Amino acid sequence: MNAMRLIEANRRALANSQDPADIVVEVWQSQALAQAIGSHLAVAGPPELRSEALGLSEVGGRACGVLDAPRLGTEDIRASRLTGTGDAHEVLLGLGRLLGEVGIALVGVAMGAEEGVYWQCMEAIDAADESRDRVLEMLRRLAVREQGLPEPDSAAGPA
């Protein structure tokens, strides 16, 4: 299944979740998807995205580890169905929206949670923010490429 369909499926599932435990499962699913998309872009994406994509994959994996892993079979993990990303720009925009929604959902869960779950949510919020930062950096790099401008690091001359 392509990345955009999986992102939309995750967004719908997250939006339809009411119970805090279900929200946490959907947050986990979303971070697993960020990890999978990051891995795919690191291997097969545009060269200028590869280092940030690898970082996205690492952060997504770390976020999944912070949350209690849901008891899902491989077939129930949406990210395991990822077959391709297609247009990197479109996918990154969609993933950025999803990660923003993940952060908002986690704030809601944290507000009514006991202390242990609260701290899990805080760590997961940090991971979602870091994932989103990586996505935004990849979007910036794509914009630079589209405009044909050199990357700021490579454009810097002697001081």
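The crossing of α4 and α5 is left-handed, a term that applies where the near helix is turned anticlockwise from the far one by less than a right angle, a clockwise turn being right-handed. The model is a predicted one, in which local features need pLDDT of at least 70 and side-chain atom pairs count only at pLDDT 80 or more, while totals for chains, interfaces and linings use all residues. Residues are numbered from 1 along each chain as its sequence is written, and side-chain values use heavy atoms, with hydrogens and water left out. Helices are DSSP runs (H or I, at least four residues), numbered from the N terminus.

The axes of α4 (88-111) and α5 (residues 115-147) come within 9 Å and cross at roughly 160 degrees; axes here are lines fitted to C-alpha atoms, for helices over the stretch in contact, with angles running from 0 to 180 degrees between N-to-C directions. The helix α4 is therefore roughly antiparallel to α5, given that angles over 145 degrees count as roughly antiparallel, those under 35 as roughly parallel, those from 65 to 115 as roughly perpendicular and the rest as oblique.

The N-terminal helix α1 comprises 14 residues (residues 3-16), for which a span of 20 Å is expected at 1.5 Å a residue, and its end C-alpha atoms are indeed 20 Å apart, which agrees; the expected span is 1.5 Å times one less than the number of residues. At the N-terminal end of α1, N2 acts as a cap, with a side-chain oxygen 3.2 Å from the backbone nitrogen of M4. Within α1, the buried residues are A3, M4, L6, I7, A9, N10, A13 and L14, where buried means under 20% relative accessible area, exposed over 50% and partly exposed in between (1.4 Å probe, protein chains only). The cover over these buried residues includes α2 (20-44) and α4 (88-111).

With α2, the axis of α1 comes within 9 Å, and the two cross at roughly 165 degrees. This angle makes α1 roughly antiparallel to α2, and α1 passes α2 in a left-handed crossing. The contact (heavy atoms within 4.5 Å) is made by A3, L6, I7, N10, A13 and L14 of α1 and by I23, E26, V27, Q29, S30, L33 and I37 of α2.

With α4, the axis of α1 comes within 10 Å, at a crossing angle of roughly 20 degrees. This angle makes α1 roughly parallel to α4, and the crossing of α1 past α4 is again left-handed. On the α1 side, A3, M4, I7, N10, R11 and L14 take part, and they meet E90, V91, G94, L95, R97, L98, E101, V102 and A105 in α4.

Three residues of helix α3 were examined individually. E52 is located in α3 (residues 50-66) and counts as buried at 15% relative accessibility; when residues up to four places away in sequence are not counted, E52 touches R134, E137, M138 and R141. S57, also in α3, is buried with a relative accessible area of 9%, and, leaving aside neighbours within four places in sequence, S57 is in contact with Q35, G38 and S39. V59 likewise belongs to α3 and is buried, its relative accessible area being 2%. Apart from neighbours within four places in sequence, V59 is in contact with A127, E130, S131 and R134, whereas the C-alpha atoms of V59 and S39, 20 residues apart along the chain, are separated by 11 Å.

Two residues of the loop between α3 and α4 were also considered. L67 lies in this loop and is buried, with a relative accessible area of 4%. Although L67 and Q120 are 53 residues apart in sequence, their C-alpha atoms are 6.2 Å apart in space, and Q120 is among the residues that L67 touches, together with V24, V27, W28 and A124, when residues up to four places away in sequence are not counted. R81, found in the loop between α3 and α4, is partly exposed, with a relative accessible area of 34%. The C-alpha atoms of R81 and M1, residues 80 places apart in sequence, lie 5.6 Å apart in space. Leaving aside neighbours within four places in sequence, R81 is in contact with M1, L6, E75 and D76.

Notes: Polar contact = N/O pair within 3.5 Å; in protein donor to acceptor, adjacent residues only side chain to side chain.
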